[in-house]
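The exercises below are to be worked with the sequence and the coordinates open. Each task is followed by a solution in steps.

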Amino acid sequence: MNWDWHYSGQVIPDLLDGLRVTIIATIFGYLIALVLGLVWALLRRSPSRVLNQAVRWVTEFIRSTPLLVQLFFIFYVLPAWGVTLGALTAGIVGLGVHYSTYTAEVYRAGIDDVPRGQWEASRALNLPRRRVWFAVILPQAVRRIIPTLGNYLIALFKDTPFLLGITVVELLGSAYDAGAHSLKYLEPITVAGLFFIAVSVVSSLALRRLEHRYATN
Amino acid sequence: MSEVLNSYPQLLRGAWLTIQITLYAAAFALVLAMVFGLLGTARSRLLRAVNRVYVEFFRGIAALVLLYWFFYALPLLGLRFTPLAAAVLAIGLNYGAYGAEVVRGSVNAVPRAQWEAACAINFTPLQRLRRVLLPQAFALMLPPFGNLFIELMKATAGVSLVGIADLTFRAKQIQASTGQTAATFVVILVMYFVIAQALQVLVRLAERRSDRVLGRRLPTRPAPIAATTGEVVSP
Amino acid sequence: MPPTDTTSPADPLPERAADGTPGKPPTRVPCGIKFEKVVKRFGDNVVLDHLNFEVAAGERVTLIGPSGSGKTTILRLLMTLEHPDGGIIRVGDDPLWHMERGGKLVKANERHLHEMRKRIGMVFQQFNLFPNMNVLRNLTEGPVHVLGLGKDEAVERARGLLDMIGLADKEDAHPTQLSGGQQQRVAIARALAMEPTVLLLDEVTSALDPELVVGVQDLLRDIAANTDVTMLCVTHEMGFAKDISNRVLMFDQGRIVEEGTPEAIFEDPEEDRTREFLSAILAT
């Protein structure tokens, strides 16, 4: 079988629709991951040992089990408990929760990396707790972790195809559907793969730039 | 819940297939990572370019996309694999690219002084790599390899979407036949967690061994001897 | 075949070891060194500017001078860790970085460098022991895999050297378990195990705590007294330089400013630049 250029052109609008869904899932999933991850990281610093360990094991559990199964869980199990989410929403929540366990580790390392002397200097200046966090510690931590957080954005993007497991027609799903329709899978799946490579190569180049900027500042 | 547990033979068979795919794909990925990672440390620009192309391509493409491509697109070009082989190839190629970056970074992270010392006792370039640089780089590779190992295991769940009867696939079957949605998924999540913890123990053991080889975390000299020779152990 | 290369795997320990006492470092017929108009640049920075000098076989020469004057670069060029940008370096009679092809000198290949490196050993400021090997293997790895010695023979040689450096009980230790001074003594033994005819010493005591310096210096004095190896030594320790060397070269900005016996240079230097440098060293 040969490559059909005409057919490739035909499927592109469908694929672009899929790409749109992929990007929506990526952006909203990432926002959840950023916020929820910070919550985990701050809870891990709580003085309560029970809370501390509970958060540790919950995040460890989420991090070491497959995203796909977690998506099934959110999409098929939660409705039985009265929480019904649309497929895309379930996918976004799944991506966000899964990746929040990674960003939590990034935040934690970033905060731990701020030299002890910064805490001590804040104490010596008698700064209020809020100022210590928002004016001293977090600004320094954020600068260090931006490149790593960026890597997880790209990783999350590359995990969006799992959403097709819960009927979301994202980029790979739209390619598969197009192929199933005409029984010609080669072109749509290849083009979808090229889209993925294009987006991730471009974004990792952009990220390296960003890294460079934060390294030199 | 009991209905789910009664189907344990199916679950165990699924888990066994998940473990098999994980181990085969990890072995394949390790070979790719070594070959392409070392190319990335070569002096030749061409070899380094080969490394870049492999890494950017297979890291950029999502594992599941690659899997679908091996399953649905390649057969149309006349290339047919058994489902298991396709899964191992797709996952291995993807994670091999991540691993190649780890290998390249670790070899480059061995202090240049070690290369110089190896040169000074007249090792050939290959001996320098094999006897000095790689054994030290290996210790640096282990922690990131451990993480990749778990990530790879998680990614194997994707094979259920193309009809391979792994743990996730069995779970969907059981869920369909028993209607016990919550119980089924809770059980297999726990099973995946146990597998991940087991893999982590393996990695820890390897790390401990490499620490021993590099003389890390060994007891330092007992103090009395230090006193008699008048020398102090440097930190 | 270079005339000084008398080793073959079958005859790894030539009867040379001057007085033949066991535990003395074995050495081969020493080689001289000759720099002919050697140029070395790092970017725009000219480190060696058409440098000429000669070291006779068996001579002990100390290189002094401010940092950045090119001393260490000379050792690194000899160890083939850096390549020259111009000129010829000879070790024995053979060019180090070039080989003769049809009466012409062409750039050396890895094989030629490998042959030439057999004559040269180096001890580094930071010891650079291999952390993935214990002490004994640090000493046997080269003899077994480069010189082709049998394992037993290499172990025997290594134990002799460990005896000489006073660390016979440390053969199973890891480098991390040794003090800096002990590590440096092992590093010296590792270099000697390869039976170099030229030994390069690059500030070998400057990374050591003061109380550990003496042990290493004593060992090197012993080696200087009991072998005929050619030694090229970069150091800031003037007393030590006096003890082991026949000649001192004072470097500044890639050129030799002054040379002479240690007594002449340290006690009665002729050049202002040398005097300035020596008083700066003494002041610290």
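The model is predicted.

**Exercise 1. Chain contacts**

Task: Establish which chains touch, and how far apart the nearest C-alpha atoms of chain A and chain C are.

Solution. Step 1: chains A and C make no contact, and their nearest C-alpha atoms lie 23 Å apart. Step 2: 2 pairs of chains touch, and the pair with the most contacts is A and B.

**Exercise 2. The fold of chain B**

Task: Describe the secondary structure of chain B and decide whether chain B is a compact globule or more spread out.

Solution. Step 1: chain B has 10 helices and 0 strands, in the order α-α-α-α-α-α-α-α-α-α along the sequence. Step 2: for 235 residues the globule rule gives 18 Å, whereas the radius of gyration of chain B is 23 Å, well over that value, so chain B is more spread out than a compact globule. Step 3: along the principal axes, the C-alpha atoms of chain B fill a box of roughly 75 × 50 × 20 Å. Step 4: 51% of the 235 residues of chain B are buried. Step 5: taking contacts in chain B between residues at least 6 apart in sequence, 74% join residues at least 24 apart.

**Exercise 3. Chain C in outline**

Task: Give the corresponding counts for chain C.

Solution. Step 1: chain C contains 9 helices and 12 strands. Step 2: 57% of its 284 residues count as buried. Step 3: of the contacts in chain C with a separation of 6 or more, 65% come from residues 24 or more positions apart.

**Exercise 4. A helix and its cover**

Task: Find how many residues of helix α3 (residues 67-77) of chain A are buried and what covers them.

Solution. Step 1: the buried residues of α3(A) are A:L67, A:L68, A:V69, A:Q70, A:L71, A:F72, A:F73, A:I74, A:F75 and A:V77. Step 2: that is 10 of the 11 residues, so the helix is largely enclosed by the rest of the structure. Step 3: the cover includes α2 (49-63), α4 (87-113) and α6 of chain A, along with α8 (167-178) and α9 (181-213) of chain B.

**Exercise 5. Nonpolar cores**

Task: Identify the residues that touch the most other members of the largest nonpolar core.

Solution. Step 1: this core has 160 residues, and those with the most contacts to other members are B:Y54, C:F35, C:I74, C:L78, C:L200 and C:L232. Step 2: helix α5 (residues 83-109) of chain B gives the most to the core, 12 residues. Step 3: a second core, separate from this one, has 37 residues, among them C:V135, C:L136, C:A189 and C:V213. Step 4: beyond four places in sequence, B:Y54 touches residues including B:L32, B:F36, B:R59 and B:L93.

**Exercise 6. A charged residue without a partner**

Task: Determine where A:E170 lies and which side chain of opposite charge is nearest.

Solution. Step 1: A:E170 sits in the loop between α6 (129-159) and α7 (171-182) of chain A. Step 2: A:E170 is buried but has no salt bridge, as the nearest oppositely charged side chain, A:R20, is 13 Å away. For comparison, a salt bridge requires the nitrogen and oxygen to be within 4 Å. Step 3: the side chain of A:E170 does reach the backbone nitrogen of A:L172, at 3.0 Å. Step 4: leaving out residues up to four places away in sequence, A:E170 touches A:G18, A:V21, A:T22, A:T160, A:P161, A:L163 and A:L164.

**Exercise 7. Salt bridges**

Task: Locate the salt bridge of B:E56 and that of B:R59, and name the network they belong to.

Solution. Step 1: there are 35 salt bridges over all chains. Step 2: B:E56 pairs with B:R52 at 3.0 Å, N to O. Step 3: these two are 4 residues apart in helix α3 (residues 45-60) of chain B, about one helical turn. Step 4: B:E56 is buried at 17% relative accessible area, while B:R52 is partly exposed at 26%. Step 5: B:R59 forms a salt bridge with B:E101, with closest N and O atoms 3.9 Å apart. Step 6: B:R59 is in helix α3 and B:E101 in helix α5 of chain B, so the pair ties together parts 42 residues apart in sequence. Both residues, B:R59 and B:E101, are buried. Step 7: through shared partners, salt bridges join A:R208, B:R52, B:E56, B:R59, B:E101 and B:R104 into one network.

Note on methods
Residues numbered from 1 in each chain as written. Chains lettered and ligands numbered in written order. Predicted model: local features only at pLDDT ≥ 70, side-chain atom pairs only at ≥ 80, totals over all residues. Heavy atoms only, no water. Buried < 20%, exposed > 50% of the residue type's maximum accessible area, 1.4 Å probe, protein only. Lys, Arg positive; Asp, Glu negative; His and termini not counted. Polar contact = N/O pair within 3.5 Å; in protein donor to acceptor, adjacent residues only side chain to side chain. Contact = heavy atoms within 4.5 Å. Core = buried A, V, L, I, M, F, W, Y, C linked by side-chain atoms within 4.5 Å. Rg over C-alpha atoms; globule rule 2.2 N^0.38 Å.
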